[in-house]
Amino acid sequence: MKKVSLVVLDRERDTSLEALRKLGVVHLEQKSVTSEALSQVMEQKAQAERALGILRNISPKDISKTAATADASTLIHEVLQLAEQKKQEQELLASDIKELNRIAPWGDFEPGTLENLKKQGITLIPYELPRKVYETLDPAIDRIILSVDKSLVRCIVIGSAIPGESPFLLPELSASALKQRIEQRKQTIVEIEQKLASLASQIKLIEVEIKKLSEMAEFEAAKASMEVTEDTPPGMAISWISGYIPADMAGKFKRAAFEYRWAYVIDDPGEGDTPPTLVRNPAYIRIVQPIFDLLGTVPGYHEYDISMSFLVFFSLFFAMIIGDAGYGVLILLLSLYVGLKGKQKTGKFADGVLLLLLLSSATIVWGAINGTWFALPYENLPDFLKALVIPPFRPNPALAPKEAARLVQQNIKHLCFIIGTVQLVWAHMKNIKKALPSLTAFAQLGWLSMVLGLYFLVLNLVLDKTAFPVPSFAIWMIGGGLSTYFIFAEQKGGNFFANILKSFANFLPTFLSAVSSFSDIISYIRLFAVGLAGYAIAESFNGMAAGLPGGIVRILAGALILFFGHGLNLAMSALSVVVHGVRLNMLEYSGHLGMEWSGVKYSPFAVKETTQQ
């Protein structure tokens, strides 16, 4: 990235920004700005987004075609007006229902009747009293009991009011009139919903309007962020704005600057600058981008682009967590179906579909080499599927079944630790390459040595002390690697020995990081554990289906159990991929790379393409 500062006459601010947006290569520096025009556009956008949200909540089956509205503004206004009317009707409906529930025990009567009787000299006062209070009333009080339940007594007192007690509040309408108004309100709400459903067919109009308003907001924000010189002669005020452009776009910007007679400065970003991140990868690596988009993560400008290594290791993690070749086949077929449907519209497979094709293929390979097909027992597999299982994952027929299964599981755990160690070593190799020719590269070399030594310690402590004794060189690798790190970690210039003392000042955090490296390697066993859990769940559903009584019932019920059981297990396994497969890349691996994912995606100030239905 190159930092660019653009200087124009203030009177040409609007036309210069329009030209800059048309150029579409400059990522403007983000500033907190405000203006009357920007506030107005943001308010319009907020209203449009609210209207869009209202229409999106309408069920597709309720949407009906209707004549197109004149323009987006009219449509948005109409939707918001109907939504506000619906809200008011719902609030009034809730109030009426509450009132009906309050007066229902008194039966259906006209509230005005009591007032008419009072004019004729007959005073009737309704009360709703707790039973304990009612029982303490003076017997001399004339009253008529209407109803009694466990806690209340409803009565009419003739003549004077009961001292200290509040009469029952009379309603505005009778119960029957209130019921009628409730039905009217319900019908009004239904009619409003029908009107909204008829407008929902034009939702594309609002989506296009939101894109336009977003562009307007971006333009007004850029305009407000331009600084202006003060105390200059009329018509000579100067405005300027800063941003970033990819280095290979500098020529295009210079040609535009010459054409529009802009003054500019192009330089490398300074130490305090925060350039955006532009990641460019070939198509076969770009298929991993949907995962980063889903996570909302962008590497910092000075951080690594780990797209390639992420794709390789995530594919492996996905395969081991899903773990079943049968599931891989299902995912592959579903991906092909979705991809072919999409290709009919766009002419190509979407990156997300290509990623799923790769992940499902990796799952099929992994499931095939360890003999896992819908969690069927190994001995029940056809011979051609058994032949695909490689020896480390093939149960030894000479051993007892439990012992044979234990050895297979141990081999898979061992593979998990190998994968973890390779990935962490790869991280430190990248750090060494980045640090060269600085002496700090030796610090990363020391940490790499320590990771390799910790690998042997993990095998000994987690797998089998007898089968995996800790070799003496592993202890030297751990101790020597940690010592090397302390010696060279702060060798960034200055006195060599003073830098060593500075490094030892961080002894505790560094030591804890070393312990963390040990646990990082162990954490890769989650690949085995989650895969085993999925296998156990699938095996349980297979057992449930096989245990049903014979006949047609067994076939139908068994099919349902297998369909829903394996479907649920596949969904849970997919969730595990997000939780565990992503974690190993974004925390363990990225942590050893020192990545913070603090980047801002390169988003140039440009005219966005908008299409209208």
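# A walk through the predicted chain

Start by selecting tryptophan 597, which is buried, with a relative accessible area of 16%; the cut-off for buried is under 20%. You'll find tryptophan 597 in the segment after helix H21 (552–593). Check its backbone too: phi is positive, about 55°, although tryptophan 597 is not a glycine. Keep in mind as you click around that this is a predicted model.

**Zoom out**

Now show the whole protein chain. How many helices and strands are there in the protein chain? You should be able to pick out 21 helices and 8 strands. The radius of gyration is 37 Å, well over the 25 Å that the globule rule gives for 613 residues, so the chain is more spread out than a compact globule. Turn it around and you'll see a C-alpha trace that spans about 110 × 95 × 60 Å along its principal axes.

Try colouring by burial next: 39% of the 613 residues count as buried. Switch on the surface, and you're looking at about 34200 Å² of accessible area, with 61% of it belonging to carbon and sulfur atoms. Colour by charge and you get 58 positive and 58 negative side chains, with the centres of the two sets 6 Å apart. As for contacts with a separation of 6 or more, 77% of them come from residues 24 or more positions apart.

**Tyrosine 304**

Here's one place to see residues from separate parts of the sequence come together. Select tyrosine 304, in the loop between helix H10 (289–295) and helix H11 (307–322). Buried or exposed, what is tyrosine 304? At 13% relative accessibility, it counts as buried. Add lysine 430 to the selection: the two are 126 residues apart in sequence, but 8.8 Å apart in space, C-alpha to C-alpha. Beyond its neighbours within four places in sequence, tyrosine 304 is in contact with Pro299, Lys430, Asn431, Lys434, Leu593 and Met595.

**Proline 437**

Jump to proline 437, in the loop between helix H15 (401–435) and helix H16 (440–463). Look at the peptide bond coming in from leucine 436: it is cis, with omega near 5°.

**Helix H17**

Next up is helix H17, residues 472–488. Grab the C-alpha atoms at its two ends and you'll get 24 Å, which agrees with the span expected for 17 residues at 1.5 Å a residue. Now show the side chains of Ala474, Met477, Ile478, Gly481, Leu482, Phe486 and Phe488, which are buried in H17. What do the buried residues of H17 pack against? Bring up H16, helix H18 (496–504) and helix H19 (507–523), and you have the answer.

**Helix H13 and the loop after it**

Head over to helix H13 and select threonine 363. Its relative accessibility is 0%, so threonine 363 counts as buried. Leaving out neighbours within four places in sequence, you can light up the residues in contact with threonine 363: Phe318, Ala319, Ile322, Gly323, Asp324, Ala325 and Gly328.

For the last stop, step into the loop between helix H13 (351–369) and helix H14 (383–386), where you'll find phenylalanine 374. Phi is near 55° for phenylalanine 374, a positive value in a residue other than glycine. Which class does phenylalanine 374 fall into, buried, exposed or partly exposed? At 31% relative accessibility, it counts as partly exposed. Compare that with the starting point of the tour, tryptophan 597, which is buried at 16%.

Technical notes. Residues are numbered from 1 along each chain as its sequence is written. This is a predicted model: local features need pLDDT of at least 70, side-chain atom pairs count only at pLDDT 80 or more; totals for chains, interfaces and linings use all residues. Side-chain values use heavy atoms; hydrogens and water are left out. Helices (H or I, at least four residues) and strands (E, at least two) are DSSP runs, numbered from the N terminus. The radius of gyration is taken over C-alpha atoms; the globule rule is 2.2 Å times the number of residues to the power 0.38. Buried means under 20% relative accessible area, exposed over 50%, partly exposed in between (1.4 Å probe, protein chains only). Contact means heavy atoms within 4.5 Å. Accessible areas come from the Shrake-Rupley method with a 1.4 Å probe; for residues, only the protein chains shown count as cover. Lys and Arg count as positive and Asp and Glu as negative; His and the chain ends are not counted. The place of a charge is taken as NZ of Lys, CZ of Arg, CG of Asp or CD of Glu. The expected span of a helix is 1.5 Å times one less than its number of residues.
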